[in-house]
Every structure is written in structure tokens, then in C-alpha cells.
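User: I am new to this structure and would like to learn how to read its features. Could we take a helix and then a strand?

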Amino acid sequence: MSQPSISIAPEPFRIDITQEKLDWIVQRVQNARIVPDVEHPEGKEWADGVPNSVMTDLVEYWRTTYDWRKVEAKLNSKYNMYTLDIPEGDEVIKLHFVHHRSERTDAIPLLFAHGWPGNFTEVESLLSLTSPTDPTQQAFHIIAPTIPGFVFSSPPKASGFSVPRIGSVYHQLMLALGYPKYIAQGGDWGSLIIRSMAQTYPESCLGILLNFIISLPPSPLKNPLTLLWLVTRWFTPDQKKRLARMQWWMKEESGYSRIQGTKPQTLSYGLTDSPIGMLAWIREKLDSLVEPGYEWDKETIITWTMFYLFSESSWHARIYKEAIPALRNQVLDKRVPAKVAFGATCFPYDVGYIPIWWAKATLAENIVFWKEHAKGGHFPSVECGDVLKEDIFEFVGNLSKETREALCSKL
């Protein structure tokens with residue numbers, strides 16, 4: 001069997017969806033039927049999923065106003081995109097990524113890792129970090145890869161492609177781009193991917209800043225006092241609210257992960273064959289993951305839906321089956337080592353949170369930055385990008401001089 005050809009240098013990438021594929025989507029949207037909903041009491045409209053009124057409004061916008069070709073042109077002009085063939089075990093992933101290099105000689109490589117139901121465009125607010133308005137602020141090279149099997153990254157052909165293997169692909173990307181030392185930021189799956197990178201490649205991944213913080217309970221042998229605090233619920237009122245939101249999410253909103261984590265292929269037949277089904281699946285999560293009152297732009301919602309339709313892959317769902325069962329042994333049981341600087345930027349409407357005293361016992365050995373904000377949710381780079389950028393500046397400012405100097409080195 002002949003081996004697939006492998007590109008050894010990044011190839012420029014432009015989004016160019018075939019008219020045939022676009023026509024198929026448009027036809028399905030035009031012929032869509034929105035099933036009626038039952039009446040709900042005020043404040044409970046989302047109790048059974050996306051309300052009929054919300055879906056009707058979105059579908060009408062899609063039919064009459066949304067223009068993919070205009071969106072495609074904006075994306076191509078806004079993002080410097082590439083692909084690179086990266087071997088990982090028996091697989092070769094054609095990885096799609098955004099790469100904006102700074103002209104500053106002191107710029108630091110920053111990898112931004114997205115999750116589900118997000119995508120690479122979440123990095124938009126961070127692109128300005130290549131050239132901060134204030135010249136005294138740190139500049140960054142911005143790299144935003146797309147998870148294998150998501151959007152424009154090719155899918156793995158076999159099962160077993162878990163979080164550390166995604167981390168390996170990302171690490172190889174950074175080395176190929178000439179960044180032997182780098183830092184990373186992410187939430188959702190992205191937070192777990194870069195935690196794995198920090199654990200596996202601590203000589204290269206020198207710092208990580210997470211906005212989705214989860215961990216195992218403290219060990220009764222290693223951390224008895226911390227476990228006692230946890231058991232006796234030694235939490236501040238604000239910490240109780242954040243933990244209660246996480247518990248609410250797991251109880252009331254995590255059904256999607258159980259489905260994706262057990263029968264991802266069956267689910268994907270329905271979602272990838274139905275633009276309206278994919279729209280509803282994504283829209284529902286976008287509503288419950290953000291601060292109440294946050295208004296999602298209709299064009300953004302539909303564009304994110306289009307991305308998952310374009311992938312024609314089950315990996316947007318399959319990652320839950322491939323990664324979750326092994327997550328404890330591969331990531332959660334391991335602390336981020338002391339040589340890696342750890343930072344947390346916590347937003348009250350995110351759904352992953354633990355207090356700093358818990359994190360010190362189970363998550364990371366070298367916490368250099370920890371901030372708990374009063375506003376924001378699961379997508380801080382989208383909801384409150386300026387706040388996240390300030391945290392990135394502060395996190396880097398807390399790194400040692402030796403670490404900052406190492407981050408400016410080249411292959």
C-alpha cells in the first residue's frame with residue numbers, strides 16, 4: 001500500500017466551499033420544517049431545548065439574509081490560515097491552523113486551543129496581540145490549530161485518538177513553525193489538550209493559562225487537610241455559586257456528552273445530514289454556556305454551524321468517546337509539573353471551576369496567576385476578549401525572566 005504524501009512545510013489555506021456543497025445546504029434550509037413547541041411558563045422557555053420561536057427566527061435569517069460567500073470572503077481576509085501534514089502514530093493529520101506572526105523580535109509564541117462547539121475563529125480577539133497598541137506590552141505570535149476531525153482539519157481514520165495524541169499533533173506543529181518554547185491558552189477541550197502538552201512536553205510548553213478548571217478530588221493520603229476542606233464544604237459564597245453552576249451543568253445540561261460519548265456515529269448521521277439539526281444542537285449549548293443576557297450574533301451562530309457541516313466527520317462527537325474514558329489516567333491524575341507556569345482565569349458562568357486551594361493540591365505545582373472575574377462565561381475570547389487579553393498580559397508578566405527569555409528563542 002502506498003503511503004500518503006506528507007507536506008513538510010505549511011501550505012497556505014483559503015476557505016473555498018464547493019458550490020455543490022453550498023447548494024445542498026441552502027436547499028435543506030429552504031425546505032426545513034420547524035416542529036411546534038409546547039407552551040412554557042415565563043422563564044422556562046428553554047427547558048426542553050431551543051424554543052420554536054428562536055429556531056424560526058434563526059432559520060428565517062438563514063433563508064433570507066445569511067450569505068456564506070460574504071462570510072467566506074471575510075474569513076479569508078481576516079485569518080492567515082495554513083495546513084500541515086503531521087504524523088501521529090499510524091495516522092497523518094492534515095492540520096488546519098491560523099498563524100499570525102508578530103513583527104516584534106521579542107514576541108512570544110501563544111497557542112490558542114478551542115473546544116466544542118467552538119472553532120478556530122474564537123481566536124479573533126487575540127490576533128491584535130501580535131502588535132499591541134501600547135509598545136511596552138508584550139507581543140505574541142498567535143497560533144490557533146483546529147482539532148483533528150473538526151472543520152478543516154482531517155479526521156483520524158481509527159479510534160484511539162485521545163487528548164494526548166491531539167497534544168502531540170499540536171506540539172509537532174509548534175516545533176515545525178520554529179517555536180521550541182511556547183505558552184498556551186484554552187478552555188473546554190482546549191484546556192485539557194494543553195494540560196496534556198504541559199505534562200508531556202514541559203521543556204517546550206513553559207506556561208499554560210486555562211479558563212476551564214476541572215480536577216479530581218484531593219488524595220486522603222497526600223492532601224488530607226485539603227480533602228477535609230472539600231468534605232466540610234469550606235467554600236466562600238462566591239465559590240459555592242461557581243461550584244453550584246458546575247453541578248447544575250453536569251446534572252441538567254450534559255446529556256449531549258453522554259450521547260456523543262456513547263454513540264457518536266449514529267448521532268453524526270443525523271447532525272451532518274441536517275443543517276437545522278446541527279443548528280439546534282449547537283445553538284442550545286451556546287445559550288447555556290454564556291452569561292445570562294449575552295446576545296449571540298445570528299451570523300456567528302450559523303457560521304459555526306456551517307463549520308461543523310463542512311467537516312463531514314463524526315469527530316465533533318467522537319472526541320467524547322475517544323477522550324473521556326481515558327481522561328483520568330491520561331490527564332487528570334497528573335499534576336502540571338513545577339517547571340511549567342500555571343495560570344487560571346475563571347469566569348462565573350463557565351462550567352468548570354475549583355478553588356485555588358484545591359488546584360494547588362491536585363492540578364498544578366507552580367500557580368503563578370489566578371483571577372476570578374465577576375462577568376463572563378465559557379467563551380471569554382468571544383464574550384469578553386479584552387478581559388482575557390489583559391489576563392494574558394498579566395500571566396506573562398508573572399513568568400520568570402528566564403522563562404520569558406527562553407520563549408523568545410528560535411529553532
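Analyst: Certainly; please note that this is a predicted model. Let us begin with the helix α12, in which Trp-315, His-316, Ala-317, Arg-318, Ile-319, Tyr-320, Glu-322, Ala-323, Leu-327, Val-331 and Leu-332 are buried.

User: How should I read such a pattern along a helix, and what covers the buried residues of α12?

Analyst: An α-helix has 3.6 residues a turn, so residues three or four places apart point the same way. In this model, the buried residues of α12 include Ala-323, Leu-327 and Val-331. Their cover includes α4 (163–176), α5 (189–200), α8 (255–260), α9 (264–272), α10 (275–288) and α11 (298–311).

User: Where does α12 bend?

Analyst: The bend lies at Ala-326 and amounts to about 65°. The end C-alpha atoms of this helix, which spans residues 315–332, are only 22 Å apart, whereas a straight helix of its 18 residues would reach 26 Å.

User: Turning to strands, how are side chains arranged, and how many residues of β7 are buried?

Analyst: In a regular strand the side chains alternate between the two faces of the sheet. Strand β7 (residues 205–210) is mostly covered, with six of its six residues buried.

User: Which strands pair with β7?

Analyst: Strand β6 (residues 182–186) pairs with β7 in the parallel sense over five bridges. Between these two strands the chain passes through α5, and this β-α-β crossover is right-handed. Strand β8 (residues 341–346) also runs parallel to β7, joined to it by four bridges. Leu-209 of β7 illustrates both pairings: Leu-209 is the bridge partner of Gln-185 and stands opposite Gly-343 in β8.

How values were computed. Residues are numbered from 1 along each chain as its sequence is written. This is a predicted model: local features need pLDDT of at least 70, side-chain atom pairs count only at pLDDT 80 or more; totals for chains, interfaces and linings use all residues. Side-chain values use heavy atoms; hydrogens and water are left out. The expected span of a helix is 1.5 Å times one less than its number of residues. The bend at a residue is the angle between axes fitted to the seven residues ending there and the seven starting there. Buried means under 20% relative accessible area, exposed over 50%, partly exposed in between (1.4 Å probe, protein chains only). Contact means heavy atoms within 4.5 Å. Two strands pair if DSSP finds at least two bridges between them. A crossover is right-handed if, with the strands pointing away from the viewer, the path from the first strand over the helix to the second runs clockwise.
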